[in-house]
Amino acid sequence: MNFFDRLHDRIVTVDSVVSVGLDPDLARIPDHLRDRDLPRWAFNRRIIDATHEHAAVFKPNAAFYEDPDGWRALEETIAYAHGKDVPVLLDAKRADIGNTTRRYAELLETADAITVNPYMGRDSLQPFLANEEAGVFVLCRTSNPGGADLQDLELETGEAVYERVAALADLWNENDNVGLVVGATKPEELEDLREQVPDLPFLVPGVGAQGGDAEAAVEYGLANGVGLVNSSRGIIFAGENAGEDFDAAAGQAARRLKERLNRYRD
């Protein structure tokens with residue numbers, strides 16, 4: 001089975017489309033974990049234990065692991081999540097050309113799916129797209145305000161850049177392994193993109209701390225029941241002031257988000 005088949009089964013098993021973002025900012029990790037050998041791993045393990053019953057995937061962001069101890073923590077985190085039967089989507093936003101992008105694609109030997117940046121075109125993504133078992137989420141319409149600087153630009157065809165990206169991603173989906181990253185902060189664009197690419201699953205960020213539209217994220221983010229709605233800080237730091245019980249608050253936050261999203265699922 002490819003990634004999206006496995007994701008479908010996971011969604012059915014836990015009755016959830018929640019993606020739990022594992023972004024262990026060292027400045028926000030509880031004090032009692034900071035003297036551990038790998039504090040980010042110690043933090044993530046507690047979060048995974050508390051939230052895995054509500055998680056369709058775990059989504060670590062590579063930016064929080066890009067140092068020697070961080071990569072060790074990431075490897076432990078991915079292995080532990082797999083031990084809980086939860087797929088891992090690495091939010092790395094990688095792309096390049098030639099040998100560089102082939103090396104980036106080796107990340108899929110560890111993670112189950114990855115986010116990629118389409119700015120350099122198809123050849124920069126080909127090693128990812130060629131991996132039939134992995135998931136490839138192409139940045140399309142991001143939830144940050146500055147995304148409009150480029151993504152909203154109108155082409156000669158009359159379409160916006162982000163709409164062209166969606167159309168290209170649909171063409172690149174030869175192995176049924178492509179999805180789109182589409183933010184939840186502009187629900188009307190979510191709706192339009194769903195009409196344009198009815199079969200591509202979306203990874204929808206922005207529902208947690210950024211206050212995106214949960215109903216639109218579910219209504220338009222899922223393709224045949226498959227898609228993901230991500231929350232990172234809103235879950236993992238829900239117990240930031242709870243001391244050693246931080247993980248219990250994270251588990252409750254993940255459960256609440258699952259229940260909130262499930263109100264809008266068919």
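# A walk through the structure, from the inside out

Ile114 is a buried residue, with a relative accessible area of just 1%. Let us begin our tour there, keeping in mind that the model in front of you is predicted. To find Ile114, look for strand S4, which covers residues 113-116. Which residues does Ile114 touch, once those up to four places away in sequence are left out? The list is Leu89, Leu90, Ala92, Arg94, Leu107, Leu108, Phe128, Gly135, Val136 and Phe137. You can also see here how folding brings together parts of the chain: Ile114 and Asp91 are 23 residues apart in sequence, yet their C-alpha atoms are 5.7 Å apart in space.

Phe137, one of the residues touched by Ile114, leads us to the next stop. Phe137 is also among the residues with the most contacts inside the largest nonpolar core, together with Leu7, Val20, Val138, Leu180 and Ile235. How many residues does this core have? It has 85. The biggest contribution comes from helix H11, residues 246-262, which gives six residues to the core. A general tendency is useful background here: in soluble globular proteins, nonpolar side chains tend to be buried together.

Take Leu7 as an example from that core. Setting aside its neighbours within four places in sequence, Leu7 is in contact with Ala56, Val57, Val226 and Leu228.

Now return to helix H11, where you will find Asp247. Is Asp247 buried or exposed? Asp247 has a relative accessible area of 17%, and because the cut-off for buried is under 20%, Asp247 counts as buried. Beyond the neighbours within four places in sequence, Asp247 is in contact with Arg46 and Ala50.

Next, let us look at how helices pack. Two packed helices are described by the angle between their axes and the distance between the axes. Try this on H2 (residues 39-51) and H3 (residues 68-83): their axes come within 9 Å and cross at roughly 20°. Angles under 35 degrees count as roughly parallel, so H2 is roughly parallel to H3. The crossing of these two helices, H2 and H3, is right-handed. On the H2 side, Arg40, Trp41, Asn44, Arg45, Ile48 and Asp49 take part, and they meet Asp69, Gly70, Ala73, Glu76, Thr77, Tyr80 and Ala81 of H3. Sorted by class, the residues of this contact between H2 and H3 are five nonpolar, three polar and five charged.

A second pair to find is H8 (residues 187-196) with H9 (residues 214-221), whose axes are 9 Å apart and pack at an angle of about 5°. H8 and H9 are therefore roughly parallel to each other as well. From H8 come Pro187, Leu190, Glu191 and Arg194, while H9 brings Ala216, Ala217, Tyr220 and Gly221. The contact of H8 with H9 has five nonpolar residues, one polar residue and two charged residues.

Our last stop is the backbone, at two residues with positive phi values. Where is Asp85? Asp85 sits in the loop between H3 and strand S3 (89-94). Its phi is near 65°, a positive value in a residue other than glycine. Asp85 counts as exposed, at 61% relative accessibility. Following the chain into strand S3, you come to Lys93. The phi of Lys93 is near 55°, again positive in a residue other than glycine. Lys93 has a relative accessible area of 37% and is partly exposed.

Methods: Residues are numbered from 1 along each chain as its sequence is written. This is a predicted model: local features need pLDDT of at least 70, side-chain atom pairs count only at pLDDT 80 or more; totals for chains, interfaces and linings use all residues. Side-chain values use heavy atoms; hydrogens and water are left out. A nonpolar core is a set of buried Ala, Val, Leu, Ile, Met, Phe, Trp, Tyr and Cys residues joined through side-chain atoms within 4.5 Å. Buried means under 20% relative accessible area, exposed over 50%, partly exposed in between (1.4 Å probe, protein chains only). Helices (H or I, at least four residues) and strands (E, at least two) are DSSP runs, numbered from the N terminus. Contact means heavy atoms within 4.5 Å. Axes are lines fitted to C-alpha atoms, for helices over the stretch in contact, and angles run from 0 to 180 degrees between N-to-C directions. Angles under 35 degrees count as roughly parallel, over 145 as roughly antiparallel, 65 to 115 as roughly perpendicular and the rest as oblique. A crossing is left-handed if the near helix is turned anticlockwise from the far one by less than a right angle, and right-handed if clockwise. Ala, Val, Leu, Ile, Met, Phe, Trp, Tyr, Cys and Pro count as nonpolar, Asp, Glu, Lys and Arg as charged, and the others, Gly among them, as polar.
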